[in-house]
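Here is a guided walk through one protein model, written for someone who would rather look at a structure than a table. Keep the viewer open as you read.

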Amino acid sequence: MVSIAVNRGRRNVAMLGIGAYRPTRIVSNDEVCEVLHSSPEWIYERTGIRNRRWISGDETLRTLASAAGERAIVNSGVDRSRIGALVLASSSWLKLTPHGAPSIAYDLGMNGIPAFDLASGCGGFGYALGVSADLIRSGSAQYVLVIGAETMTVGLDPTDRGTAMIFGDGAGAVVVGPAEENGISPTVWGSDGENAEAIAQNVDFLAYMDRAQALQGTDPELEPIGRMSLRMEGQRVFRWAAVTLPRALSSALEASGVSKEDIDVFVPHQANARINELMSKNLGLADDIPMANDIENTGNTSAASIPLAIEEMLVTGKAKGGQLALLLGFGAGLSYAGQVVTLPPSPIESSF
């Protein structure tokens, strides 16, 4: 009987280097309120956000992702010729075809490697990190570059009180590879399709195309369907988060084999400061455990938020390389993904 070959991978994997890119334009609550009917104080009270970064000039999702990826490679010390795959976590790449990862791999001088996009909303980085760790464990790649990148403002309605004040743009990346000690726990993940429409585009692509074609006809009664933008039912999402996420955090700790007393740093998705404080309290983490608060000056950057938050904590000294961090991403889908990880070394080249 013919025997089919099996890949042999590495059991222990870790994040070996991190990189990030933050757009140059800083948008304050005051600026947002020039269009949005709100106040800077109300926005901060409800979300924990004072400022956010928006792309400007020639910045695009592709340039953000490539810059973050380049810094992650440099900071990891891994030769790019040894990186065997690239995973782009994003929900704002503007084309279904071609997808973004191959172009970014080309920009980074790694043309030809397997490169694919992964869309799982704000939980995308956690999904991509889990998939990449398993690629290495299975022997499908030795090193993987994981990039979470978003330009959420491209589809943002500046008059929508549910989203306009929340979202920002940015990119964060990590190089994942073999390590002496395991630095990435099994991923705990899930989704709730019953409530998926709580975060959604206002128009699906098929309806948009049908209306666009109809407008080319002769019916004068047809009105334009309008620009596609993101809509969110904040209270519905908050209720889902309050029930689902504490259980997800407990499951992530259980799967990791470590206790909450072993956790040095808490890095939740930067969606809303109130949700994050509630999760920390419900989990029973010690009051002195540092918790990421990158949302205050970066906003919600969806799949980019966790690597951006890790980089900010490392650069500012709120966290140190080698510490144990509990991660949890959550959002559109409604999906979530969590892990316990060993933080990578503080970056030499940072986004600050």
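## A helix between two sheets

Helix H10 (residues 305-316) lies across S11 and S12, running at about 145 degrees to S11. H10 also lies across S1 and S7, at about 90 degrees to S1. Helices here (H or I, at least four residues) and strands (E, at least two) are DSSP runs, numbered from the N terminus. Axes are lines fitted to C-alpha atoms, for helices over the stretch in contact, and angles run from 0 to 180 degrees between N-to-C directions.

A word on the source: this is a predicted model, in which local features need pLDDT of at least 70 and side-chain atom pairs count only at pLDDT 80 or more, while totals for chains, interfaces and linings use all residues. Residues are numbered from 1 along each chain as its sequence is written, and side-chain values use heavy atoms, with hydrogens and water left out.

## The four-stranded sheet

One open sheet has four strands in the order S8-S13-S12-S11, with mixed pairing. Its edge strands are S8 (188-191) and S11 (265-268), each of which pairs on one side only. From one strand to the next, the twist averages 10 degrees. Helix H7 (residues 234-256) packs on this sheet, where it touches S8, S11, S12 and strand S13 (335-342), and its direction makes about 35 degrees with that of S13. Contact means heavy atoms within 4.5 Å, and two strands pair if DSSP finds at least two bridges between them.

Now follow the pairs across the sheet. S11 and strand S12 (residues 324-331) are parallel over four bridges, and Phe-266 has Leu-326 in S12 as its bridge partner. Leu-326 also stands opposite Val-340 in S13. S12 and S13 run antiparallel and are joined by eight bridges; they form a hairpin with three residues between them, and Gly-333 in the turn has a positive phi of about 140 degrees. On to S8, which pairs with S13 in the antiparallel sense over four bridges, with Ala-337 in S13 as the bridge partner of Trp-189. Seven of the eight residues of S13 are buried, so S13 is largely enclosed by the rest of the structure. Buried means under 20% relative accessible area, exposed over 50%, and partly exposed in between (1.4 Å probe, protein chains only).

## The five-stranded sheet

A second group to look at is an open sheet of five strands in the order S1-S7-S6-S4-S5, also with mixed pairing. Strand S1 (13-21) and strand S5 (115-118) stand at the edges with a single partner strand each, so one side of each has no neighbour in the sheet. Neighbouring strands are turned by 20 degrees against each other on average, direction ignored. Strand S4 (residues 83-89) and S5 pair in the parallel sense over four bridges, and Ala-89 has Leu-118 in S5 as its bridge partner.

Helix H5 packs on this sheet, touching S1, S4, S5, strand S6 (143-151) and strand S7 (169-178), with its direction at about 165 degrees to that of S6. Val-131 is in H5 (residues 124-138). Is Val-131 buried or partly exposed? Val-131 is partly exposed, because its relative accessible area is 24%. Not counting residues up to four places away in sequence, Val-131 touches Phe-116, Leu-118 and Trp-189.

## Two faces of helix H2

Which residues of helix H2 (residues 40-47) are buried? They are Pro-40, Ile-43 and Thr-47. These residues cover an arc of only 65 degrees around the axis, which puts them on the same side of H2; the arc is that of the directions from the helix axis to the C-beta atoms. An α-helix has 3.6 residues a turn, so residues three or four places apart point the same way.

On the other side of H2, Glu-41 and Glu-45 are exposed. The cover over the buried residues of H2 includes helix H1 (29-32), strand S3 (51-54), helix H8 (273-283) and helix H9 (295-298). Just after H2, Gly-48 takes a positive phi of about 85 degrees.

## Cysteines

How many disulfides are there? The count is zero, where a disulfide is a pair of cysteine sulfur atoms within 2.5 Å. Cys-33 is buried, with a relative accessible area of 18%, and Cys-122 is buried at 10%.
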